Amino acid sequence: MTRVGGWVEPLTDYFSREISWLAFNARVLALADDADVPLLEQARYLSIFATNLDEFFQVRVSGLAGRVAAELTERTLDGHTPGEQLREVRRIAAELCAEQQRLFIEEVRPALAAEGIHLLTPDEISPAERARLRDHFEQRVFPVLTPLAVDPGHPFPFISDLSLSLAVLMRDPVDSEQRFARVKVPDTLDRWVETGEGACRFVALEDVIAAHLDKLFPGMEVLEHHSFRVTRNADLTLNDEDADDLLIAVQMELRRRRFQWAVRLEVADTMSDEVLDLLLRELNLRADALVRVRGPIDLSGLNEIAGLPRPELTWPHWRGITEPELLTEDGPADFFKVLRSGDLLVHHPYSSFSRSVGALIHQAARDPAVLAIKLTLYRTSGDSPIIDALVAAAERGKQVAVLVELKARFDEAQNIGWAKRLEQAGAHVAYGLVGLKIHAKIAMIVREEPDGIRRYCHIGTGNYNHRTARIYEDFGLLTADPGVGADIAGLFNQLTGYGRNVDHKHLITAPELLRPRLTELVEQEMHVPGGRIIMKLNALADGPMIDQLYKASQAGVEIDLIVRGLCGLRPGVEGLSETIRVRSIVGRFLEHSRIYHFANGDGPGRPATYIGSADLLSRNLDRRVEALVRVDDPGLAARVAEVAEVSLSDEHLAWTLDSEGVWTRHDRGADTDTHVRLQQLALNRARPAERVLP
């Protein structure tokens, strides 16, 4: 797969947000068909593709379906009505799912078998393996199963979101009547069950259950059984302006989420029309919501297989360097001493998150001179060392203030748990602002020193999550600059208290200032010879900002956009966007940093480079609290620019977008691989002991 997209002829100067996102997921899927990608990583990309698509249906497709149900016909920027988009999205998603199934059945599964990793059906295992699986079923699986009959005394059961099930049709030998039952496949058990004979032989859990239906329905004649899965709307519809207590409101909305309407029904392609008609009718779905699957439903379970201990079939281990400024001959340096001497830039995963940002928070929690720690929490891991450090700091009597974003999609329940734990430890916890999500990645440490109070700050592009920091590419600026500290302090006070229109000197914040300031910076390039803009983003779909970039292109500004995911801008259109080039880097690490570079941002010939949390989506610009910080140190700004230039020179991982919406992958034989190159640059910067890949 070297070309994706171009599914719909553009009607306007903008691409469809939904269809552009599907093109991104197609680029992810292409990695599962890439000979340069290690085999278990190919399996992982099949899993990532599946998880991405699930969330797309839960949020974006359900949103389109809701607008269609409400008979809304207003056309979006791309010129299509919700109904037109919904039909096209379903068609494209079905094509991509068919390709995913083909890759698994015809490419990845046979390749795994050739390496001794066998994903089998019950018909492919030996009698001894069947006996062991029967024991496993009786001891581990059978006790947690609950078959649910459907008859006049048993209404059709509620099928929860993304739960895998078996539809079982059977005959009662007493009266010869047919019966229907649903069996939920437990998501608390491993999806792939080892057969116990030799190494790496697995059968899917649903197949293990299906092979033992006689135990669940004794005395009944099983006529047929088929796996199926339902996807439901999962987007919170919280009206926090009317909520007296945001925490309680989010908890109530989470309970309601599982009962939302269905938007997709995935079924085994062997399912009979009789069973299929029953499911569609009971789920109130039309046939266009149906996806027939060849092979296992929900390949996100392949993540278990990708985690097998076969290092020769995965990416070479990379642990990230320790920035040389953070090491001395005797061990880790004093963070506060380092930052008093100058700013520090960290670039994850090339530099370690745990040995930089994480270690700073831990040092602050233990330091008697630290008076307060403040931090925003959007997403973090289930075993977060950052949370542990904040709890320890609060228990030591330090003032700890944490802004927990309860509405971080799919992390709401976990964030509620963190908020309660922090409150129990004595931390001050705020749950965000009415009508806004707090998406900024900022932390501040207040320390009493001989010359007075000093603030140490971190402004990043990624979450305070030590696990995702190993695979997400992100920047962070660590600084003791008094001006930045004053801006961060003002922003925290604004978020925990009240305040509007704070005039920051070093930060650009949303929602008040980001849109006008970026617009001003783009316009400034239009009036200087040799205007140049580089933006590295996750997503670009805001109409007014796209229009501003179009104006800059028409004024002759050279614009390079590195957009990982969806892009609504049409590059290379004569008279509109001739000087705009769009590319996407998709590979081992998830490109997640945001860079805004303006060649004349501080005046003619004086570039300005910003990093931060905001993409160019309307929600980031208008409905979220975001923060960008200018990288003032010339050496650090050059490092940020170097990362952008490496991405722009990539001929191995890069895809480029044309004016018709087609993404084309570059020559895979080229030498420049962004992720390999940035690993090498990190090693060159490291102390000698870290310059050899482990």
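## Around helix 19

The buried residues of helix 19 pack against four elements: strand 13 (344-348), strand 24 (580-585), strand 25 (590-591) and helix 18 (634-649). The buried set itself is made up of Thr674, His675, Leu678, Gln679, Leu681, Ala682 and Leu683. Bear in mind as you look around that this is a predicted model.

Helix 19 covers residues 674-685, so to speak a run of 12 residues. From its first C-alpha to its last it reaches 17 Å, close to the 16 Å expected at 1.5 Å a residue. Have a look at the start of the helix, too: there, a side-chain oxygen of aspartate 673 comes to within 3.0 Å of the backbone nitrogen of histidine 675. Histidine 675 is also one of the buried residues of helix 19.

## The six-strand sheet

Next up is an open sheet of six strands with mixed pairing, and its order reads 3-5-4-8-9-10. Strand 3 (148-150) and strand 10 (290-293) stand at the edges; each has a single partner strand, so one side of each goes without a neighbour in the sheet. On average, and ignoring direction, neighbouring strands here are turned by 30° against each other.

Zoom in on one edge and you'll find strand 3 joined to strand 5 (residues 178-184) by three bridges, with the two running antiparallel. Valine 150 has phenylalanine 180 in strand 5 as its bridge partner. A helix packs on this sheet as well: helix 2 (residues 39-69) touches strand 8 (221-232) and strand 9 (262-268). The direction of helix 2 makes about 135° with that of strand 9.

## The three-strand sheet

There's another open sheet to explore, this one with three strands in the order 2-7-6 and mixed pairing. Strand 2 (118-120) and strand 6 (192-194) are its edge strands, each pairing on one side only. From one strand to the next, the twist averages 35°.

Strand 7 is where the mixed pairing shows up. Three bridges join strand 6 to strand 7 (residues 201-204), and these two run antiparallel. Three bridges also join strand 2 to strand 7, but this pair runs parallel. Phenylalanine 202 of strand 7 turns up in both pairings: it is the bridge partner of glutamate 194, and leucine 119 stands opposite it.

What about the two faces of strand 7? In a regular strand, side chains alternate between the two faces of the sheet. Here both faces are covered: Arg201 and Val203 are buried on one side, while Phe202 and Ala204 are buried on the other.

## Histidine 458 and its surroundings

Histidine 458 sits in strand 19 (residues 452-460). Is histidine 458 buried or exposed? Its relative accessible area is 5%, so histidine 458 counts as buried, given that the cut-off is under 20%.

The side chain of histidine 458 makes a polar contact with the side chain of tyrosine 464, at 2.8 Å. Leaving out residues up to four places away in sequence, histidine 458 touches Val357, Lys441, Ile442, Ala443, Tyr464, Gly476, Leu477 and Leu478.

## A word on cysteines

How many disulfides does the structure hold? The count is zero. Two cysteines are still worth finding in the model. Cysteine 457 is buried, with a relative accessible area of 1%. Cysteine 200 is buried too, and its relative accessible area is 14%.

Conventions:
Residues numbered from 1 in each chain as written. Predicted model: local features only at pLDDT ≥ 70, side-chain atom pairs only at ≥ 80, totals over all residues. Heavy atoms only, no water. Expected span 1.5 Å × (residues − 1). Buried < 20%, exposed > 50% of the residue type's maximum accessible area, 1.4 Å probe, protein only. Contact = heavy atoms within 4.5 Å. Polar contact = N/O pair within 3.5 Å; in protein donor to acceptor, adjacent residues only side chain to side chain. Disulfide = S-S within 2.5 Å. Pairing = 2+ DSSP bridges. Axes fitted to C-alpha atoms, helices over the stretch in contact; angles between N-to-C directions.
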